[in-house]
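Here is a short briefing on the fold, the core and the cysteines of one protein chain. Look over the sequence and the structure first.

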Amino acid sequence: MILDTKTIQRIKQIPIEQVLYTVKFRHIGDKLASRCIFHNEKKASFYVYLKTNSWFCFGGCHEGGDVIKLIQKLSDINFVDACNYLKKYL
């Protein structure tokens, strides 16, 4: 599959909770909450916003983004490699 603009847009629509299938989330309205997957903490500060398919950590990371940025951060890889990894969810 070629990594063109249309493919990137499709990749950005992959539900974050599908990619983070091992993370235990709790529903809070139209959000999902969990302890952050990037640092150790005692309470939930990692939120997935279902309407925008985006995430944000209000804890130690204080950053967020789309599913591509999540995989970049999680795997310490570049944009193209993250997109290629996520293609399996299409």
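Two strands count as paired if DSSP finds at least two bridges between them. With that in hand, the first hairpin can be read. β1 and β2 form a hairpin with two residues between them. The model is a predicted one. Its strands form an open sheet of five, in the order β1-β2-β3-β4-β5, with antiparallel pairing.

**Sheet layout**

- β1 and β5 (64-65) stand at the edges of the sheet. Each has a single partner strand, so one side of each is left without a neighbour in the sheet.
- β1 covers residues 26-28 and β2 covers residues 31-34. The two pair in the antiparallel sense over three bridges.
- β2 also pairs with β3 (residues 46-49). That pairing is antiparallel and runs over four bridges.
- β3 pairs with β4 in the antiparallel sense, again over four bridges.

**Bridge partners to find in the viewer**

- Between β1 and β2, H27 has L32 as its bridge partner. I28 has K31 as its bridge partner in β2.
- K31 also stands opposite Y49 in β3.
- S34 has F46 as its bridge partner in β3.
- Between β3 and β4, Y47 has F56 as its bridge partner.

**Turns and positive phi values**

- In the turn between β1 and β2, G29 has a positive phi of about 65°.
- β3 and β4 form a hairpin with four residues between them. N53 lies in the loop between these strands.
- Phi of N53 is near 50°, a positive value in a residue other than glycine.
- Is N53 buried or exposed? N53 counts as buried, at 10% relative accessibility.
- D76 lies in the loop between α3 and α4. D76 has a positive phi of about 55°, although it is not a glycine.
- D76 is exposed, with a relative accessible area of 71%.

**S34 in its strand**

- S34 is found in strand β2.
- S34 is buried because its relative accessible area is 8%, and buried means under 20%.
- Leaving aside residues up to four places away in sequence, S34 touches V23, K24, F25, E41, A44, S45 and F46. F46 is thus named twice for S34: as a contact and as its bridge partner.

**Nonpolar core**

- In soluble globular proteins, nonpolar side chains tend to be buried together.
- Here the largest nonpolar core has 22 residues. I16, V19, F46, I68 and L86 touch the most other members.
- The elements that give two or more residues to this core are α1 (5-12), α2 (16-19), β3, β4 (54-57), α3 (67-75) and α4 (79-86).
- Which element gives the most to this core? α3 does, with four residues.
- I68 touches I8, I11, K12, F79, A82, C83 and L86, not counting residues up to four places away in sequence.

**Packing of α3 and α4**

- Two packed helices are described by the angle between their axes and the distance between the axes.
- α3 and α4 pack at an angle of about 110°, with their axes 9 Å apart. That makes α3 roughly perpendicular to α4, because angles of 65 to 115 degrees count as roughly perpendicular.
- On the α3 side, the residues that meet α4 are V67, I68, I71 and Q72. On the α4 side, they are F79, A82, C83, Y85 and L86.

**Cysteines**

- A disulfide is a covalent bond between the sulfur atoms of two cysteines.
- How many disulfides does the structure hold? The structure holds zero disulfides.
- C57 is in no disulfide. The nearest cysteine sulfur, that of C36, is 3.6 Å away.
- Why is there no bond from C61 to C36? The sulfur of C61 is 3.7 Å from that of C36, its closest cysteine sulfur, and this is too far for a bond. The cut-off for a disulfide is a pair of sulfur atoms within 2.5 Å.
- C57 is buried, with a relative accessible area of 0%.

Technical notes: Residues numbered from 1 in each chain as written. Predicted model: local features only at pLDDT ≥ 70, side-chain atom pairs only at ≥ 80, totals over all residues. Heavy atoms only, no water. Buried < 20%, exposed > 50% of the residue type's maximum accessible area, 1.4 Å probe, protein only. Core = buried A, V, L, I, M, F, W, Y, C linked by side-chain atoms within 4.5 Å. Contact = heavy atoms within 4.5 Å. Axes fitted to C-alpha atoms, helices over the stretch in contact; angles between N-to-C directions. Parallel < 35°, antiparallel > 145°, perpendicular 65-115°, else oblique.
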